[in-house]
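Student: Could you take me through one part of this structure closely? I would like to follow a single strand and see how it sits among its surroundings.

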Amino acid sequence: MTTILWFRRDLRLSDHAALTAACAAGPVVAVFIRDATVDQLGAAPAWRLGLALEHLAQALEARGQRLILRSGRAEQVLAELVAEVDAKRIYWTRCYDPQSRERDTEIKSRFRAKGIDVRSFGGTVLFEPTTVETKTGGPYKVFSPYWKTVKTRDVDAPLPEPGKIPPPETWPESANLADWALGARMRRGGDVVRAYLHPGETAAQNRLAEFAGDSIALYHQRRDLPAVDGTSGLSEYLTYGEVSPHQCWHAGLRAREEHSQGAEAFLRELAWRDFATHLMVYWPDMLDNNWRAGWDNFAWREDKSLPEVVAWQQARTGVPLVDAGLREMYVTGRMHNRVRMVVASYLTKHMLMHWRIGQRWFGECLTDWDAASNAMGWQWVAGSGPDAAPYFRVFNPEVSGQEIRSQRCLCPPLDCRGAGQSARHCAGLF
Ligand SMILES: Cc1cc2nc3c(=O)[nH]c(=O)nc-3n(C[C@H](O)[C@H](O)[C@H](O)COP(=O)(O)OP(=O)(O)OC[C@H]3O[C@@H](n4cnc5c(N)ncnc54)[C@H](O)[C@@H]3O)c2cc1C
């Protein structure tokens, strides 16, 4: 009575409802499938995924388990595996992007028709997107009322890691992760970015514990200060599921007892991530097109070969803060939220380039790339999204740069790892 546990964006062993259920049912064959959704990833997300898989495989091996790697159409791969290991169940954690949803719905109905118990579990968001509705029914379009609705909801306590992950009697064959060469397109140098990454579930949990026990106290004051390492740095762990949103939420709740303002602000940001997924579920088209159709005739240019676009991508605009942000992304794989807004505003409102150009470039370069948050972020700045900045709100990169240059760490009593030690400064970026 083997269960196939299909890992996707949930590359952890703790707080994993699908894994916990699979372990309770009998032997488990853990698989990751390299299908079209993986092959379409940009260079940095694909490379970062490879690192997450490496860590997950090691964690499973340390527990007498294996991560089976297969390539191809997910339905075909699963059919082969079901036959090979005589599986009676397929479990996974839900993904919400339109491509995965379509694939998963199809797989569910095909395998259920063959008598296989197929079940999907929550674990990539806090609140199931379709369970959050306005008073009149339907989705939220504005974050504040969304937040008001979800902030008092109960969020399940995180599950512990299963004590044992029962192995199958025989192991199915697996591809070799190195042969997949998921980092092959990191032409600009994975070695440079690697110095700033600490992939894997253990590092993710450590980062969460460190942040929730310390920096969260002043998060509300420091989250907008790019020169200070004052945010959680959890986004890429959340993207690959090395930490669960429930673990982050409960750490935030515990911290709120002592550090109410900082923790409240952190919980609110976590809800922004869910809000992005909520929007994507109801308006999947927002990944490619203006959420507000009124922007469809706006005279944005969309030729990515224009020299000014290449200069923007290569951090050669001549505007110090814009170039610093883009260099930060090149070197560290991430960019501070405030700088993302400045960089995006510069592309869409100074250069009048379509937000899709920037959205796709971020999709190539960010190690925390998330389809929903990225599309929402770009459309928010451009003005074409729900609850967006008005069209006349232009971030002034010079004024922002001057403000940021003058920022100092606000918390001498804490070990804030502030200006002078953050990646931005070490790399001489700004
Ligand atoms: C143009 C643009 C593109 C973006 N692209 C992405 C992306 O591809 N992936 C991504 O995870 N975030 C994206 N964001 C949102 C935000 O910049 C990052 O989530 C944040 O900088 C991550 O740093 P952190 O983990 O230290 O965040 P913290 O400030 O510590 O926040 C905690 C968590 O809350 C969530 N969060 C915070 N701010 C936002 C936000 N504005 N929208 C959605 N979730 C948020 C993240 O999961 C984050 O890890 C984008 C924002 C903009 C303006």
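Tutor: Happily; here is a walk that starts at strand 1, moves to the core around it and then widens to the rest of the chain.

Please keep in mind that this is a predicted model. Strand 1 covers residues 2-7, and six of its six residues are buried. In a regular strand the side chains alternate between the two faces of the sheet. You can see the two sets here: Thr2, Ile4 and Trp6 point one way from strand 1, while Thr3, Leu5 and Phe7 point the other way. Both sets are buried.

Now look at the partners of this strand. Strand 1 is joined to strand 4 (residues 87-93) by five bridges, and the two run parallel. In that pairing, Leu5 has Tyr91 of strand 4 opposite it. Strand 1 is also joined to strand 2 (residues 28-34), again by five bridges and again in parallel. There, Trp6 stands opposite Val31 of strand 2.

From the pairing we can step to the packing. In soluble globular proteins, nonpolar side chains tend to be buried together. The largest nonpolar core of this model has 117 residues, and the members that touch the most others are Ile4, Leu5, Val29, Val31 and Ile90. Helix 3 (residues 43-61) is the element that gives the most to this core, contributing 10 residues. Because domain 1 (1-123) and domain 2 (286-424) both give residues to the core, it lies between them.

Ile90 is a good residue to zoom in on. Setting aside neighbours within four places in sequence, Ile90 is in contact with Ile4 and Trp6, and also with Leu78, Phe111, Ile116 and Val118. Recall that Ile4 and Trp6 point the same way from strand 1, on the side shared with Thr2.

How do the two domains stand to each other? The chain is divided into domain 1 (1-123) and domain 2 (286-424), and their centres, taken over C-alpha atoms, are 34 Å apart. Across the boundary, six residues of domain 1 are in contact with eight residues of domain 2.

For a second covered element, turn to helix 15, residues 320-332. Its 13 residues reach 18 Å from the first C-alpha to the last, close to the 18 Å expected at 1.5 Å a residue. Helix 15 is mostly covered, with 11 of its 13 residues buried. Among them are the nonpolar Leu321, Val322, Leu326 and Met329, and also Asp323 and Glu328. Just after the helix, Gly333 takes a positive phi of about 85 degrees.

That positive phi leads to two other places worth a look. Ala181 is not a glycine, yet its phi is positive, at about 45 degrees. Ala181 sits in the loop between helix 7 (177-180) and helix 8 (190-194). It is exposed, because just 11 other C-beta atoms lie within 10 Å, and the cut-off for exposed is 12 or fewer. Asp387 likewise has a positive phi, near 50 degrees, in a residue other than glycine. Asp387 lies in the loop between helix 18 (371-382) and helix 19 (397-405). With 17 other C-beta atoms within 10 Å, Asp387 is partly exposed.

One more helix residue offers a contrast with the strand where we began. Ala265 is found in helix 13 (residues 260-282), and its 18 C-beta neighbours inside 10 Å make it partly exposed. Not counting residues up to four places away in sequence, Ala265 touches Tyr219, His220 and Arg223. The C-alpha atoms of Ala265 and Pro139 are separated by 23 Å, and these residues are 126 apart along the chain.

Finally, let us step back to the whole chain. It has 20 helices and five strands, and 46% of its 430 residues count as buried. Its C-alpha trace spans about 65 × 50 × 50 Å along the principal axes. A compact globule of 430 residues would have a radius of gyration near 22 Å, and the chain agrees, with 22 Å. Among contacts between residues at least 6 apart in sequence, 79% join residues at least 24 apart. The parallel pairing of strand 1 with strand 4 is a good place to return to with this in mind.

Key
Residues numbered from 1 in each chain as written. Predicted model: local features only at pLDDT ≥ 70, side-chain atom pairs only at ≥ 80, totals over all residues. Core = buried A, V, L, I, M, F, W, Y, C linked by C-beta atoms within 7 Å. Buried ≥ 20, exposed ≤ 12 C-beta atoms within 10 Å, placed from the backbone. Helix = DSSP H or I, 4+ residues; strand = E, 2+ residues; numbered from the N terminus. Domains from an automatic or database assignment. Contact = placed C-beta atoms within 7 Å. Expected span 1.5 Å × (residues − 1). Rg over C-alpha atoms; globule rule 2.2 N^0.38 Å. Pairing = 2+ DSSP bridges.
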